[in-house]
Amino acid sequence: MDFKDCIQFITESQATCTLCTIDGDQPRGRGMVPLWVKDDGIYFTTAASKNLYAQLRANAKVELCFVILEPIKHLRITGRVEFIDDPFLKNKALEDRPYLKALGFETADDPNFILFRVGSGEAHFWTWEDNLKEADIPRIRF
């Protein structure tokens, strides 16, 4: 298995994920929809005015958990967030996801418009058959 298997799982299942951060000593999780899932990582957007952005700036370590229910399968990813300040990619995001404009992001140079990705880390799949064997599940480095 490699990261392409992760990309395929996320893309084909259209699974949303829980993105977990740390806020001081308190874990925080929120549902997120990836912007893109590509060979170089999983992309998301947020606003500079949101708590999520402050948490990511303070500690770039995150965990993502994608879940499908039939059959039960999880994809857990741990990694570090990288902030992307690329006008071309931000404009592409605005084109690909019209709801971003409805949220108030009108242009790629809006300082409140934050683009980030989890571009490296470790992933593993979990199924019901893997219950109680988590330590034995192969890890995928990307």
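**Entry 1: the loop before strand 6**

I began with P71, which I find in the loop between strand 5 (61-69) and strand 6. The model is a predicted one, and I keep that in mind for each value noted here. The peptide bond that joins E70 and P71 is cis, with omega at about -10°.

**Entry 2: positive phi values**

I then looked up residues other than glycine with a positive phi. Q14 is one of them, with a phi of about 50°, and I place Q14 in the loop between helix 1 and strand 1 (17-23). The relative accessibility of Q14 is 70%, so I enter this residue as exposed. L132 also has a positive phi without being a glycine, here near 70°, and it lies in the loop between strand 7 and strand 8. For L132 the relative accessibility comes to 84%, and I therefore enter L132 as exposed too.

**Entry 3: strand 7 and its partners**

Is strand 7 (residues 113-127) largely enclosed or open? I note that 13 of its 15 residues are buried, so strand 7 is largely enclosed by the rest of the structure.

I went on to the strands that pair with strand 7. Strand 6 runs antiparallel to strand 7, and 12 bridges join the two; on the strand 7 side, E122 stands opposite T78. Strand 4 and strand 7 are also paired in the antiparallel sense, over 6 bridges, and here I noted A47, whose bridge partner in strand 7 is F113. Strand 8 is joined to strand 7 by 2 bridges, again with the strands running antiparallel, and the partner of E122 in strand 8 is R141. I thus have E122 entered twice, with T78 opposite it and with R141 as its bridge partner in strand 8.

As background for reading side chains along such strands, I remind myself that in a regular strand they alternate between the two faces of the sheet.

**Entry 4: aromatic pairs**

How many aromatic pairs does the model hold? The count comes to 8. I looked up the pair of F3 and F142, whose ring centres are 4.3 Å apart and whose planes stand at 15°; planes under 30 degrees apart count as stacked, so I enter this pair as stacked. F3 belongs to helix 1 (residues 3-13), while F142 is in the segment after strand 8 (140-141), so the pair ties together parts that lie 139 residues apart in sequence. F3 has a relative accessibility of 8% and therefore counts as buried, whereas F142, at 23%, counts as partly exposed.

The next pair I checked is that of Y53 and F83, which is edge-to-face, with 5.4 Å from centre to centre and 75° between the planes. Y53 sits in helix 2 (residues 51-58) and F83 in strand 6 (residues 72-84), so that this pair links distant parts of the chain, 30 residues apart. The cut-off for buried is under 20% relative accessible area, and Y53, at 19%, therefore counts as buried. F83, at 29%, counts as partly exposed. Both residues belong to one aromatic cluster, which F44, Y53, F83 and F116 form together.

**Entry 5: charges over rings**

I also searched for charged side chains placed over aromatic rings. R57 lies over the face of F83, at 4.9 Å from the ring centre. The charged end of K90 sits over the ring of F113, at 5.4 Å from the centre of that ring. F113 is also the residue I noted above as the bridge partner of A47.

**Entry 6: the largest pocket**

I closed with the largest pocket, which holds about 280 Å³ of space. Which residues lie nearest its centre? Of the 15 residues that line the largest pocket, M32, T45, T46, K50 and L103 lie nearest. Strand 2 (26-32), strand 4 (41-47) and helix 4 (99-102) each give at least two residues to this lining, and the largest share, 4 residues, is that of strand 4. By class I list 10 nonpolar, 3 polar and 2 charged residues in the lining of the largest pocket. Strand 4, which supplies that largest share, is also the strand I entered above as paired with strand 7 over 6 bridges.

Notes: Residues are numbered from 1 along each chain as its sequence is written. This is a predicted model: local features need pLDDT of at least 70, side-chain atom pairs count only at pLDDT 80 or more; totals for chains, interfaces and linings use all residues. Side-chain values use heavy atoms; hydrogens and water are left out. Rings of Phe, Tyr and Trp (its six-membered ring) pair if their centres lie within 6.5 Å; planes under 30 degrees apart count as stacked, over 60 as edge-to-face and the rest as tilted. Buried means under 20% relative accessible area, exposed over 50%, partly exposed in between (1.4 Å probe, protein chains only). A charge sits over a ring if NZ of Lys or CZ of Arg is within 6 Å of the ring centre and within 35 degrees of the ring normal. On a 1 Å grid over the protein atoms alone, a cavity is a set of points where a 1.4 Å probe fits but cannot get out, and a pocket is an open set with protein on both sides within 12 Å along at least five of seven lines; lining residues have an atom within 4 Å of a point. Grid points are joined across faces, edges and corners, and a volume is the space filled by probe spheres set on the points. Ala, Val, Leu, Ile, Met, Phe, Trp, Tyr, Cys and Pro count as nonpolar, Asp, Glu, Lys and Arg as charged, and the others, Gly among them, as polar. Two strands pair if DSSP finds at least two bridges between them.
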